[in-house]
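Let's walk through this fold together, from its packed interior out to a few individual residues. Keep the viewer open as you read.

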Amino acid sequence: FPPAVFPLSCVVQNYSWGKVGLESEVAKLVASGDPLVQIQPDQPYAELWMGTHPRGDALIRDNRIPQKTLGQWIADNPACLGAKVKDAFQGHLPFLFKVLSVNTALSVQAHPNKELAEKLHAQFPEHYPDANHKPEMAIALTPFEGMCGFRPVEEIVSFLQNVPELRALIGEVAAEQLERSGSDDPRGVSAALRVCFTRLMKSEKKFFVDQLNMLVKRISQEAAEGKDTAGSNGELLLRLHSQYPGDIGCFTIYFLNLVRLEPGEAMFLGANEPHAYLHGDCVEVMACSDNTVRAGLTPKFIDVLTLCEMLNYTPAPSSSKILPAAQSQLDPHVYLYDPPVPDFTVMRIEIPASIKLYLISAMDSASILLVIQGTAVGTSTAAASEMSLRRGSVLFVSANESISLHLSSPDGMLLFRACCLL
C-alpha cells in the first residue's frame with residue numbers, strides 16, 4: 001500500500017499585516033519544523049496554510065509518494081477522506097487549516113453564506129473566486145484580539161452620545177432611531193442598526209476623513225492631558241488610525257465587539273458576521289473558500305453595498321462570540337472545538353510529560369495534525385517509516401489511520417488536529 005500518513009511542507013503567505021521575522025509564530029513554527037529554512041528578519045510571516053487550496057497546496061515530504069502535493073494526492077486517493085466526507089464534499093478536503101500571526105489589523109470583512117456566494121461568484125468572479133461559504137474559527141496561541149459581531153445596542157448608543165464625530169457621520173435621524181429602538185422589538189433594533197452602519201459606510205470620503213482627523217486630534221489631546229478616553233474607545237482608535245490613517249474602518253470600533261482571547265480560547269465567525277483580527281497569533285480553520293467582502297482597514301477592493309446588505313445585524317455581547325472547548329468523553333487529553341457548521345472541527349491535544357506513549361486515534365475523516373510544542377517519534381502502519389515530530393511538524397492523516405507517539409520531550413506535547421466530523 002502507498003503511505004497514507006505522511007509529513008507536509010506548508011506554504012507561507014507573507015502578507016504585509018503579518019508579524020515580522022522571528023516575532024511571528026508562523027516563522028517560529030516553520031523554522032523549527034524545517035531547520036533548512038532561512039527566516040528573513042525584516043519579512044512578514046503572516047499565514048501558514050495547511051491544506052489543498054490552489055494558492056497554497058501543501059507539498060508532500062515523502063519521496064516514496066509520486067504525487068508532489070496534498071491536493072494531487074487526495075484527487076488520486078479520494079477514499080482517504082473517509083466515506084462520508086468524500087461523498088458530502090465531492091472528493092475534496094472540506095477545510096483549510098492555518099496559523100496566523102497578526103501584527104497590524106486585517107480588513108473589516110464578512111464572508112457570504114452559500115446562497116450569496118453563488119450569486120457573487122456568478123456576477124463578479126474577479127472579486128469572488130468561488131461559490132462556497134466561508135465560516136471560520138480562530139483558536140488563540142498567544143493573547144489574541146479581534147473585532148466580531150455587532151455590540152449590544154446600549155454600547156453603540158453610548159458611543160453615539162460620547163463621540164460627536166461619529167454622530168455627525170451617521171446623522172441625527174438615524175442616531176435617534178437607534179436610541180429609541182427598544183429591546184422588546186429585535187427586528188426594529190436590527191433595522192435601525194442597519195441604517196446607522198450603512199450611513200457610516202456610505203459617508204462621503206472627504207467628510208469622514210475630516211471627522212476622523214477631528215476625532216484623532218481630540219483624543220490625542222485628551223490622552224496627552226491624562227484624561228480617560230475609554231468613552232471614545234480612544235486607545236484602539238489611535239492604534240488603528242496609526243495603521244490605516246484616513247480609513248473608514250477606524251469608525252467600525254464603535255459598532256463591533258472587541259473580543260480578547262487567552263491561549264486555548266476560540267471564536268467562531270459564521271456567515272455574514274462582520275469581523276477583523278487585530279493582533280496576536282492563532283490557529284484558524286475555515287471552509288475552503290476565498291470569498292471575502294471587505295469594508296475597511298484595507299487598500300483592497302471594498303464592496304460596501306454588498307457588505308451592508310449581507311451583514312447579520314443582531315447585537316450580542318462579546319462573550320457570546322467565544323466558543324468553549326469541550327473535553328472529550330473518550331480521552332481526557334483531547335478538547336473539542338465543534339462549531340455549528342459541518343465543514344470542520346478542531347481538537348486540541350494536550351499530552352502531559354508523565355505520558356510516554358500516546359495514541360492519536362483513528363477517525364472516519366482525513367485530518368491534519370500540527371505540533372505546537374514537544375517532540376516525539378510517530379509510528380503508523382500506514383506510514384512508510386518512523387516520523388520525527390517536533391514543534392512546527394505537520395502531518396496528513398488519512399481516515400481510519402492512527403499514529404503512536406513515542407514522546408521524548410520533558411514537558412509533554414501540544415497538538416492541534418483539524419478534521420471533519422459528519
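Which residues touch the most other members of the largest nonpolar core? In the 71-residue core they are Phe97, Phe396, Leu405 and Phe416. A nonpolar core here is a set of buried Ala, Val, Leu, Ile, Met, Phe, Trp, Tyr and Cys residues joined through side-chain atoms within 4.5 Å. Strand E25 (residues 413-419) gives the most to this core, with 6 residues. Apart from this core lies another one, of 54 residues, with Phe150, Leu160, Leu178 and Phe251 among them.

Before going on, some ground rules. This is a predicted model, in which local features need pLDDT of at least 70 and side-chain atom pairs count only at pLDDT 80 or more, while totals for chains, interfaces and linings use all residues. Residues are numbered from 1 along each chain as its sequence is written, and side-chain values use heavy atoms, with hydrogens and water left out. Helices (H or I, at least four residues) and strands (E, at least two) are DSSP runs, numbered from the N terminus. Buried means under 20% relative accessible area, exposed over 50%, and partly exposed in between (1.4 Å probe, protein chains only).

Back to Phe97. Its contacts (heavy atoms within 4.5 Å), leaving aside neighbours within four places in sequence, include Leu48, Trp49, Val283, Val346, Ile368 and Phe416.

Now for the sheets. Eight strands form an open sheet in the order E6-E1-E23-E20-E25-E18-E17-E16, with antiparallel pairing; two strands pair if DSSP finds at least two bridges between them. At the edges sit E6 (59-60) and E16 (326-327), each pairing on one side only. Further in, E17 (residues 334-337) and E18 (residues 345-351) run antiparallel and are joined by 4 bridges. Here Val334 has Ile349 of E18 as its bridge partner.

UniProt, in an unreviewed entry, annotates residues 336-376 as "domain: Phosphomannose isomerase type I C-terminal". UniProt positions are given in the numbering used here, feature names are shortened, and annotations may be inferred rather than shown by experiment. Over residues 336-376 the chain is 51% strand and 0% helix, and the C-alpha atoms at the two ends are 22 Å apart.

Strand E21 (residues 376-379) is a nice one to rotate. In a regular strand the side chains alternate between the two faces of the sheet. In E21, Ala376 and Gly378 point to one face and are buried, whereas Val377 and Thr379 point to the other and are not. E21 pairs with E22 (residues 387-389) in the antiparallel sense over 3 bridges, and Gly378 has Met387 of E22 as its bridge partner. With E24 (residues 403-407), E21 shares 4 bridges, again antiparallel; the bridge partner of Ala376 there is Leu407.

Next, look at helix H4 (residues 114-123), where Leu116, Ala117 and Leu120 are buried. Seen down the axis of H4, the buried residues fall within an arc of 100° (taken from the directions from the helix axis to the C-beta atoms), so they line one face of the helix. The face turned away from that buried side carries the exposed residues Glu115, Lys119 and Ala122. What covers the buried residues of H4 includes strand E14 (293-296) and helix H11 (304-310).

E14 brings us to Arg294, which lies in that strand and which UniProt lists as "active site" in an unreviewed entry. Is Arg294 buried or exposed? Arg294 counts as buried because its relative accessibility is 18%. Its side chain makes a polar contact with the side chain of Ser107 (3.4 Å). A polar contact is a pair of N or O atoms within 3.5 Å; within protein, one must be able to donate a hydrogen and the other to accept it, and residues adjacent in sequence count only if both atoms are side-chain atoms.

Glu136, found in strand E9 (residues 136-140), counts as buried because its relative accessibility is 3%. Its side chain makes a polar contact with the side chain of His111 (3.2 Å). Beyond neighbours within four places in sequence, Glu136 is also in contact with residues including His275, Tyr277 and Glu284.

Last stop: Leu261 in strand E11 (residues 256-261), buried with a relative accessible area of 1%. The C-alpha atoms of Leu261 and Glu145 are separated by 6.4 Å, although the two residues are 116 residues apart along the chain.
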